[in-house]
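This briefing is for a reader meeting the structure for the first time. It takes up selected side-chain pairs, a sheet and the helices packed on that sheet.

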Amino acid sequence: FFEAETRNINNMRFYNLYVFIHVVRYSSGSGLDKEIVSSTIINNLNRDYADTSFSFSLLGSEYIDNDDLNRLPSFLITPLFSQNRHSNAIDIYVVSVGRDFNAAGQAQSIPSTACIIKGNYYKESTVAHEVGHCLGLYHTHHGTSVGERGSGTCAELVDGSNSTTCGDYISDTPADPNIWNGCTY
């Protein structure tokens, strides 16, 4: 998507994307209900992406009953992304507890076909945010954080003159110096 030779994608097309919901619960089977989680996620994604060329349909859902994955310590993130993957859908793993997972959600990479959502954050804009990463969208402050410097990223200039080559690579979003961390934005 971000390569010059593929930027001429027909933006007037309409895309229906399949989503598969994996609800991770305790081994005993206690945790979130996959029917409620699935319908909430699909309804919210379609509402949040209503002004775009994307819609979302549920391919299916399942339970993954596993105490270790449900607690989701950081070293289990990669193994969770490999659980029952689908080549024709975005896999959304909703971890009922996620006690040791320190974020509301995380995409496997940008772009990717999988993301993790922690607990009740499935009801929030977190899902639309992480699915945005799956679709290739970066944060508006991309290239400004210390962890990104030196990794081939660069901050967008305030005048927007480098907006398609730095920052989030999208010219219609203003430069963001990442000063909102720790603040209400």
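The charged end of Arg-25 sits over the ring of Tyr-63, 3.4 Å from the ring centre. The model is a predicted one. Its sheet is open and has 5 strands, and helices H1 and H4 pack on that sheet.

**Aromatic pairs**

- Searching the whole structure gives 3 aromatic pairs.
- One of them joins Tyr-49 and Phe-56: the ring centres are 5.1 Å apart and the planes stand at 70°, so the pair is edge-to-face.
- Tyr-49 and Phe-56 are both buried.
- Phe-81 and Tyr-93 also form an edge-to-face pair, with 6.2 Å from centre to centre and 80° between the planes.
- Because Phe-81 belongs to helix H3 (residues 77-81) and Tyr-93 to strand S3 (residues 90-95), this pair ties together parts that are 12 residues apart in sequence.
- Phe-81 has a relative accessibility of 4% and therefore counts as buried.
- Tyr-93 is buried too, at a relative accessible area of 0%.

**The sheet**

- The strand order is S2-S1-S3-S5-S4, and the pairing is mixed.
- S2 and S4 are the edge strands, each of them pairing on one side only.
- On average, neighbouring strands of the sheet are turned by 20° against each other, direction ignored.
- Strands S4 and S5 pair in the antiparallel sense, over 3 bridges.
- Gln-106 stands opposite Ile-116, a residue of S5.

**Helices on the sheet**

- Helix H1 packs on the sheet and touches strand S1 (15-25), S2 and S3.
- The direction of H1 makes about 160° with that of S2.
- Helix H4 packs on the sheet as well, where it touches S2, S3, S4 and S5.
- The direction of H4 makes about 160° with that of S5.

**Helix H4 and its surroundings**

- Helix H4 covers residues 126-134, and 8 of its 9 residues are buried, so this helix is largely enclosed by the rest of the structure.
- The buried residues of H4 are Thr-126, Val-127, Ala-128, Glu-130, Val-131, Gly-132, His-133 and Cys-134.
- The cover over these buried residues includes helix H1 (34-48), strand S2 (54-65), S3, strand S4 (105-107) and strand S5 (114-118).
- Gly-136 follows H4 and has a positive phi, near 105°.

How values were computed:
Residues are numbered from 1 along each chain as its sequence is written. Side-chain values use heavy atoms; hydrogens and water are left out. Rings of Phe, Tyr and Trp (its six-membered ring) pair if their centres lie within 6.5 Å; planes under 30 degrees apart count as stacked, over 60 as edge-to-face and the rest as tilted. Buried means under 20% relative accessible area, exposed over 50%, partly exposed in between (1.4 Å probe, protein chains only). Helices (H or I, at least four residues) and strands (E, at least two) are DSSP runs, numbered from the N terminus. A charge sits over a ring if NZ of Lys or CZ of Arg is within 6 Å of the ring centre and within 35 degrees of the ring normal. Contact means heavy atoms within 4.5 Å. Two strands pair if DSSP finds at least two bridges between them. Axes are lines fitted to C-alpha atoms, for helices over the stretch in contact, and angles run from 0 to 180 degrees between N-to-C directions.
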